[in-house]
Structures are given as C-alpha cells and as structure tokens.
Amino acid sequence: MSIESVAPTAPAWTIPGYLEAREGHLMISGVDALSLVAEHDTPLFVFSEPRIRANIERLKRAALAVERSVRFFYASKANSNMAVLKTVLEAGIDAEVNSGGELFKALRAGFRPEQIIFNGTSKTDAEIDAAVSAGIYAINVDSIYEIELVEEAARRLGKRARIALRLVPEIGTRSHLGLQTALLTSKFGISSSEVLEAFSRGLRHPDLIHVCGIHIHVGSQTPDVEPFAIAFKTMWEHLVRIERETGHTLEHINLGGGIPVNYLRDPSQADQLPEHERDMLGAELEPSEVLSAALRVARESARAAGAEHLLEPLTILLEPGRSIIADAGVVLTTVRNIKRRPETGDVWLLTDAGYNLLLSMNNYKWYYHLVSATRADKEAATEYKVAGPLCDSGDVYFDIERGGRLPDYRRLPAEVKPGEVLALLNSGAYSLAQMFPYNGRPLPAAVMIREDQRADLIRRRDTYDDLVAQDIW
Ligand SMILES: Cc1ncc(COP(=O)(O)O)c(C=O)c1O
C-alpha cells in the first residue's frame, strides 16, 4: 500500500456520529470542517453542542447507576465561553467558578445562585461579597483565615453564607505535578491536621455561616480510580468525626473534578511517548467507576463505624471540566509555510495555531492529536516537524527541551502543502479559556455546531482594534 492511499478502515480517531472522515474531509457533528474554514478562516475553534450534551448525559447516567443523590457542577475554568455555559445550563447541570469573573459569567449565563460553587485560593473581599450577596450554594474556603473573611462579609451584608471546607490530605495521582492538587506541597486547601479547628471556627457563628460540606479535588486528568476512592473515604471519615465531635452533620461531600479524557485518540501515533505519559494521556475512566468505587469504600467505612445513617442522606458533588468540554472542541489551523532542512532531513509545517491558543502544549507539553482535515481519510504515515506561528523556538508541537514528553514528529498524509487544514483534536478544555494575543495575534473565532447542524458563531474573531482597545496612549 502506498503511503498516500486511503486508510483501509475508519481512522482510529473517529467518534461515530461526531468526528468522522467523509469524502476526504473531517466532519464535526455532520458539518464539513472545510466549509467552516471557508466561512470563518483559521485558526478556528469548533465546538459540538451534541457532544457536550452527550458528555453530560454520560455523567448523569453514572449518577443513576449508583442510585444516589449526585450533583454535577461544571468547572467553568475549563471553558467559560457564554454559549458553552448556556449549553451546559440547558443540559441540566450546575456550575463551579473560580473567580469573581467566572461567577459573573455563570450568573449572566442564567445559572441560579443555588447552582453555583466558588473555589479559589486567593479570593478578594469583593469576590467574597459578590458570592455572599448572590447567595450561592457554597463558597469552598481554602484556609481557616478565609472562614473569617466570609464571616465578615456575611456580617457586613446581613446575609448567611454557605461554606464548604477544601481539604488537602496528601493524595497523589499519576497526572502532571502541576495538575495534582491534594498534595501537602500544593498551594491548595486546609491540612487534615487542622480540620477540627477549621470546623469549630466555621461553626462559631451559625447565624452568619452554615458549613454545608467538605471538598477535595485530587487534580486534573487523574487516570486511576484509586485516588478518587481514597479521597472520598478520607472526606467521609472527616465527616463522621465532625458529627461525633461537634454534633454538626454535613450535607455533601464534593469530590472535585479530574475525570480523564483520552487525548491520544490514535495510540499508534503516540508510540514515541514514555509509558507513564501514554497511560495518563490515554486514560479511559468511566464516571460510574469513580462514583461506585468512592461509595464502596464509604459504605464499608460507614458499616464499620456504625454511621450508615449519615451516608444515606448525603449528596455527592462532582466538578467535571475536561470530561465535558475537552473532546467537544477542535482547533482548525492552516499550514501557512513549509520548509525543508536538508541537514536533518526534516520537513517543517508552520501553522497558524501555536501555544497562544493551546497554552498547555507548552507549559505541560500536553499532547493534542493532529489530523488533516483536508485529507482526513488518507493514511497518516509521513513524519513532519510541526510548529506554530509565534516568535520563540518553544512554539512547536514537540518537546523542545528533549524531555520526550511529546512525539518528535507528527504523522500526517504525504505531501502536505501550504493551505492544507489540520485539526487539533480534544482541544476544547483549558484552551479558549487560556489563549492570549501574544505577538499581536488577534484571538480567534469560535463556532458551535448545533443539533440541527447549524454552525453558530459563539465568539467573533478579534480585530486589530481589539488589540489596542485597553491601551491608553
Ligand atoms: C477545584 C477544581 N475543581 C474542578 C476542576 C476541574 O478539573 P477537570 O477539568 O480535570 O475535571 C479543577 C481543575 O483543576 C479544580 O481546580
């Protein structure tokens, strides 16, 4: 078979009904990626409403399977575009926010205050005031000091605030260190040794503060079920102890986010990555597995402690971000330049999407699977060096530091030419929310494919005027 031939079966990255190759082109929820490029140019973010809804349905099915009260709070930090928030709201789940800005956006999108949880390590007085006066479901306090800040805000505003305590009980995962958040060396949460002190502080003025829950987030892209189970057991044991020592019963345990997404899409293309990186990036973990493992350990512990009556009325909260929006988004990019390096034998493809759009490609060396949208059905067997448009050598689709965290070459069809459109898959999370206009590059447009295959513009492309809009001169 020649390297230019059509792949014999559907490409490995295919997700039937969502991501497919048809008549050579990449189709996204039934819409030809190249028609979107013809209308909106590149770089372009494309989101699929049906895929977001399918991801949320999968979570809801997991909740039904465990027959418990479970609430999902979409981690809006993953992507807080207003149309995305609206889709999440309409799909019937709640929102987690991480700043006054995200709180503002969630409220503006139509989430009711009792549908909102507020996390964050460094909340300002103004942010706390906004959360307390809105009357949100829970402010997750990050320290004992912050309990005092919330109490002061409640007193000032004459409103009772609901808080949950965020804990950090030293639970490791196999994700990147920068994405692990339950280690004592991390900046988050209250140590287990201070839990009782924190709770008694929280319970001191019940007219001002209601302590409704306990929270942990072990980290993002957590490939195994064990850290979730250990985290839940630890939170559960704290809950029992608090009830015994203070008589106060918590309403919920919040297990955070972190359900992983399979970024590899075609594992044969990621064969150059170290095994642990492949395991982490290619993880498949069903939300139902996470919930059932957590409940199994809590049930055992409840039985042993004679505390089943505390488990029955408990609500479990999850804060999924990535698992809702990552695979529902694609970045389309055009090859704008090509060059050969006779000395190394490399062919370089220079695209219009770099780490200005996918920051984690640079700071975590995160892998986004790359395919040709123009020749989606062709076998991808030719190796290229691929890079973005920015002015630094680190703006490449491989690990410039030679740590081997990304493949040195990306495999695409033979004879890629300038003008060919490529697609970075699974790029809906922590991308649009983190992009920046470095090198004077206007931020790109985004479209959302609807159930009826309409493609709505959900973010207009910045203009050059936007680049100077905030400058004063
Ligand atoms: C407190 C908290 N909850 C939820 C999330 C969402 O995590 P993920 O997008 O991996 O589901 C994060 C992100 O790191 C977080 O910090």
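Here are some worked exercises on the predicted model shown above.

Before you start: the model is predicted, so to speak of local features here takes a pLDDT of at least 70, side-chain atom pairs count only at pLDDT 80 or more, and totals for chains, interfaces and linings use all residues. Residues are numbered from 1 along each chain as its sequence is written, and side-chain values use heavy atoms, with hydrogens and water left out.

**Exercise 1: the whole chain**

Work out how many helices and strands the protein chain has, and how its radius of gyration sits beside the globule rule.

*Solution.*
- Step one is the secondary structure: the protein chain has 14 helices and 20 strands. Helices (H or I, at least four residues) and strands (E, at least two) are DSSP runs, numbered from the N terminus.
- Next, the radius of gyration is 24 Å, close to the 23 Å from the globule rule for 473 residues, so the chain is as compact as a globular protein of that length. The radius is taken over C-alpha atoms, and the rule is 2.2 Å times the number of residues to the power 0.38.
- The C-alpha atoms fill a box of roughly 75 × 55 × 45 Å along the principal axes.
- Now burial: 59% of the 473 residues are buried. Buried means under 20% relative accessible area, exposed over 50%, and partly exposed in between (1.4 Å probe, protein chains only).
- For contacts (heavy atoms within 4.5 Å), take those with a separation of 6 or more: residues 24 or more positions apart account for 71% of them.
- Last, charge: there are 52 positive and 65 negative side chains, with the centres of the two sets 1 Å apart. Lys and Arg count as positive and Asp and Glu as negative, while His and the chain ends are not counted; the charge is placed at NZ of Lys, CZ of Arg, CG of Asp or CD of Glu.

**Exercise 2: S8, S9 and S10**

Find how strand S9 pairs with S8 and S10, parallel or antiparallel, and how many bridges each pairing has.

*Solution.*
- Start with the rule: two strands pair if DSSP finds at least two bridges between them.
- S9 (residues 161-166) and S10 run parallel, over six bridges. Ala 161 sits opposite Ile 209 of S10.
- Strand S8 (residues 138-141) also pairs with S9 in the parallel sense, over three bridges. Here Val 141 has Leu 165 of S9 as its bridge partner.
- Check the cover: five of the six residues of S9 are buried, so the rest of the structure largely encloses S9. In S10 (residues 209-215), seven of seven residues are buried.
- Then step back to Arg 160, in the loop between helix H6 (144-157) and S9. At 47% relative accessibility, Arg 160 is partly exposed.
- Beyond its neighbours within four places in sequence, Arg 160 contacts Pro 206, Asp 207, Leu 208, Ile 209 and His 210.

**Exercise 3: strand S18 and the loop after it**

Identify the partners of S18, then see which residues Leu 432 touches.

*Solution.*
- Strand S13 (residues 329-341) is joined to S18 by four bridges, and the two run antiparallel. Thr 333 is bridged to Leu 422 of S18.
- Strand S15 (residues 370-372) is antiparallel to S18 too, through three bridges, with Val 371 opposite Ala 423.
- Look at the side chains: Val 421 and Ala 423 point one way, Leu 422 and Leu 424 the other, and all are buried. That's the pattern to expect, because side chains in a regular strand alternate between the two faces of the sheet.
- Move on to Leu 432, in the loop between S18 (421-424) and strand S19 (445-449). It counts as buried, at 12% relative accessibility.
- Leaving out neighbours within four places in sequence, Leu 432 contacts Phe 45, Phe 47, Asn 79, Asn 81, Leu 357, Ala 446 and Arg 459.

**Exercise 4: an open sheet**

Give the strand order of the three-strand open sheet and name its edge strands.

*Solution.*
- The order is S1-S2-S3, with antiparallel pairing.
- S1 (19-22) and S3 (31-32) are the edge strands, as each pairs on one side only.
- S1 and S2 (residues 25-28) are held by four bridges, and Ala 21 has Leu 26 of S2 as its bridge partner.
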